[in-house]
Amino acid sequence: MDLQTLFALLAVLLVLVSALLMLVLDNMIGAVAASGVVSLGVAVLFVLLHAPDVAMTEAVVGAGLSGVVLALGLRRLGLWRLDAGATRQSAAGDEPDA
Amino acid sequence: MRNIASLLFTAGLAFLLLVIAAQLGFGEPPMRIGGDILSQAPAEVGATNIVTAVLLGYRGIDTLGELSILFAAATATGLVLVRGRKDCEHHAEEPPGGFILRTGADLLFPLLLVVGFYIIVHGHLTPGGGFQGGVILAAAFFVLVLARPGKDGSGGMSHTAIAVVEGLAGAGFIALGLWSLWDNGDFLKPMLGHGVMGELLSAGTLPLLSLAVGLKVGAELAGLMTQLAEQPATAQHPHQHPHPHSEDGGS
Amino acid sequence: MSALNLDTLSFAAILYAGAIGLLVIGAVGMVMANHLFRMVLALAIAEAGANLLMVLTGWRGEAVAPILGVHEAGVPMVDPIPQVLVLTAIVIGVGVQALAVSVLLKIHRIYGTLDVRELRRHLELDICRDAGIVPDGSREAPAGERPLPPPIPPSIPARAAAAASDRPLSDPTGASQ
């Protein structure tokens with residue numbers, strides 16, 4: 001097994017584990033972060049597949065912009081909190097709890 | 001019951017995908033069109049980066065359609081969010097960013113701007129192009145918004161300016177296509193000669209198209225993020241009860 | 001040569017496994033999640049898997065990236081067409097994601113929840129109220145244990161027609177299982 005295959009194996013494992021984490025995490029911030037990690041791992045896989053343009057797009061869009069959009073959505077939905085089942089009535093975006 | 005049906009569905013999907021993957025040759029794509037493009041693109045377009053040559057040269061109309069899809073998505077987002085903003089009267093004051101955040105944003109902004117424009121104008125030479133550079137430009141402006149959210153969270157970004165830049169860039173893309181149609185009868189065909197391959201001013205109109213795509217994508221995404229960042233989360237529902245999260249991600 | 005072939009085979013197999021795994025995890029998340037925001041996240045995951053699968057179809061064993069001037073001429077290159085398609089698909093994906101998030105904001109503003117089961121109940125009540133009929137029993141219970149719906153008043157022909165068209169469909173499947 002050469003270095004390329006080893007890297008691919010590591011990246012695929014990272015991607016699959018964080019995708020499963022995205023499904024089971026109670027915490028929505030953690031789920032968004034896990035989806036960002038999936039995008040980053042997929043970008044590494046694109047580099048290994050000789051697709052530098054796609055890797056750049058995936059890294060910029062998937063790991064950066066999409067995370068920002070989802071985090072802004074979380075903030076406006078009032079889900080921006082680290083404890084999943086907390087009963088907090090007020091807006092959660094005002095407090096720097098991240 | 002529903003979970004069992006869902007599991008059966010996804011198991012069937014996985015089986016189908018595995019069957020398809022088993023029938024594909026590993027690492028030996030048929031690539032008829034791809035082979036032709038790889039052999040002819042250097043002489044026909046003159047761009048070093050063949051992906052950009054396909055994106056803006058051979059499949060320019062596809063890119064135009066993609067831009068219009070993005071425009072439709074951004075417009076629909078604005079429509080949904082702006083209609084909701086009226087019935088939400090009380091604005092919670094956005095806390096200002098700290099000193100480190102503001103200084104870091106000021107230092108980062110020109111750097112991100114330079115990187116974005118570099119990636120846009122070198123799209124036909126190196127990996128990158130309008131989409132990637134445009135997203136970086138949007139990020140550069142959004143860093144400023146995050147550092148100084150201002151009164152309504154928009155950070156002083158004017159939607160009119162964003163719309164003007166976006167409209168001009170889109171009109172420029174179409175105008176380049178129409179110019180090509182007027183000149184030699186083909187819509188969006190690369191023109192102005194090829195130049196010396198590998199130089200910055202080469203590949204005809206591809207850098208101009210790339211600039212138009214970058215400005216349009218950057219303006220659209222910056223407007224989209226600003227709209228999402230405006231009007232921070234308020235208690236929308238009077239009897240809103242935070243329900244316990246009860247997802248069963250497993251079986 | 002055979003060792004090289006084995007290596008490329010295992011490389012491609014690992015990547016196919018990753019792409020199909022991402023697609024399946026995304027599909028499982030989309031059909032089984034009870035929170036709408038998690039559905040959007042699962043959609044993003046499935047999208048990444050589909051993109052990976054598509055780029056993978058253009059990959060060749062001993063090829064280089066489709067950029068001239070880096071390697072000497074004559075070296076085979078990977079297929080650029082799937083890369084271009086995926087490039088546009090990624091950017092469209094983030095637009096769709098932003099649209100989905102804004103629709104979620106709207107739903108949350110109207111109903112105050114994002115739980116699928118509660119939303120279904122709200123929607124059924126709304127539909128029944130708009131149609132002017134009495135909502136029947138819980139949809140969550142299995143068909144055999146569901147309380148019988150109230151008798152249909154003959155004054156509402158639409159409801160009777162819907163029930164009449166529903167009966168022959170649901171009965172044979174229940175009998176066959």
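A helix here is a DSSP run of H or I with at least four residues, a strand is a run of E with at least two, and the elements are numbered from the N terminus. With that in hand, welcome to a tour of a predicted model.

**View 1. Chain C runs α-α-α-α-α from its N terminus.** The element count for this chain is five helices and zero strands. Of the 177 residues in chain C, 45% are buried. Among contacts in chain C with a separation of 6 or more, residues 24 or more positions apart account for 45%. The chain exposes about 8,500 Å², and carbon and sulfur atoms supply 66% of that area.

**View 2. Confidence within chain C is highest in α2(C) and lowest in helix α5 (residues 157-176).** The mean pLDDT is 90 for α2(C) and 45 for α5 of chain C. Across the chain, pLDDT averages 75, and 71% of the residues score at least 70. When you reach residues 159-177 of chain C, please look with care: pLDDT stays under 50 there, and the model has seven contacts beyond four places in sequence for this stretch. Where pLDDT is low, the predicted coordinates should not be read in detail.

**View 3. Chain A is built with three helices and zero strands.** Read from the N terminus, its elements follow the order α-α-α. Buried residues account for 55% of the 98 residues in chain A. Among contacts in this chain between residues at least 6 apart in sequence, 44% join residues at least 24 apart. Chain A exposes about 3,800 Å², of which carbon and sulfur atoms supply 74%.

**View 4. A:A33 sits in helix α2 of chain A.** Is A:A33 buried or partly exposed? A:A33 counts as partly exposed because its relative accessibility is 43%, while buried would call for under 20% and exposed for over 50%. For a second landmark, find A:A63: the two residues are 30 apart in sequence, and their C-alpha atoms are 8.8 Å apart in space.

**View 5. The second largest cavity has a volume of about 150 Å³.** The model holds five cavities of 30 Å³ or more. To find your way to the second largest one, start from A:S39, A:E58, A:G62, C:A44 and C:E47, which lie nearest its centre among the 16 residues that line it. Which helices each supply at least two residues of this lining? From chain A they are α2 (28-48) and α3 (52-77), and from chain C they are α2 (36-57) and α3 (80-111). The largest share, five residues, comes from α2(C). α2(C) is also where the mean confidence in chain C is highest. By residue type, the lining divides into seven nonpolar, seven polar and two charged residues.

**View 6. Chain B has eight helices and zero strands.** From the N terminus on, the order of its elements is α-α-α-α-α-α-α-α. Of its 251 residues, 45% are buried. Among contacts in chain B between residues at least 6 apart in sequence, 72% join residues at least 24 apart. About 12,400 Å² of chain B is exposed, and 70% of this comes from carbon and sulfur atoms.

**View 7. B:T10 is found in helix α1 (residues 2-23) of chain B.** Is B:T10 buried or exposed? It is buried, with a relative accessible area of 3%, so it falls under the 20% cut-off. Look across to chain C for its partners: leaving aside residues up to four places away in sequence, B:T10 touches C:V24, C:A27, C:V28 and C:V31.

**View 8. Chain B averages a pLDDT of 76, with 77% of its residues at 70 or above.** Among its elements, helix α5 (residues 99-121) of chain B has the highest mean, 89, and helix α2 (residues 32-44) of chain B the lowest, 76. Over residues 86-90 of chain B the pLDDT is below 50, and this stretch has five contacts in the model beyond near neighbours in sequence. Residues 232-251 of chain B also have a pLDDT below 50, and 55 contacts beyond near neighbours in sequence are found there in the model. For the complex, the predictor gives an ipTM of 0.79 and a pTM of 0.78.

Notes:
Residues are numbered from 1 along each chain as its sequence is written. Chains are lettered from A and ligands numbered from 1 in the order in which they are written. This is a predicted model: local features need pLDDT of at least 70, side-chain atom pairs count only at pLDDT 80 or more; totals for chains, interfaces and linings use all residues. Side-chain values use heavy atoms; hydrogens and water are left out. On a 1 Å grid over the protein atoms alone, a cavity is a set of points where a 1.4 Å probe fits but cannot get out, and a pocket is an open set with protein on both sides within 12 Å along at least five of seven lines; lining residues have an atom within 4 Å of a point. Grid points are joined across faces, edges and corners, and a volume is the space filled by probe spheres set on the points. Ala, Val, Leu, Ile, Met, Phe, Trp, Tyr, Cys and Pro count as nonpolar, Asp, Glu, Lys and Arg as charged, and the others, Gly among them, as polar. Buried means under 20% relative accessible area, exposed over 50%, partly exposed in between (1.4 Å probe, protein chains only). Contact means heavy atoms within 4.5 Å. Accessible areas come from the Shrake-Rupley method with a 1.4 Å probe; for residues, only the protein chains shown count as cover. pLDDT is the predictor's confidence in each residue, from 0 to 100.
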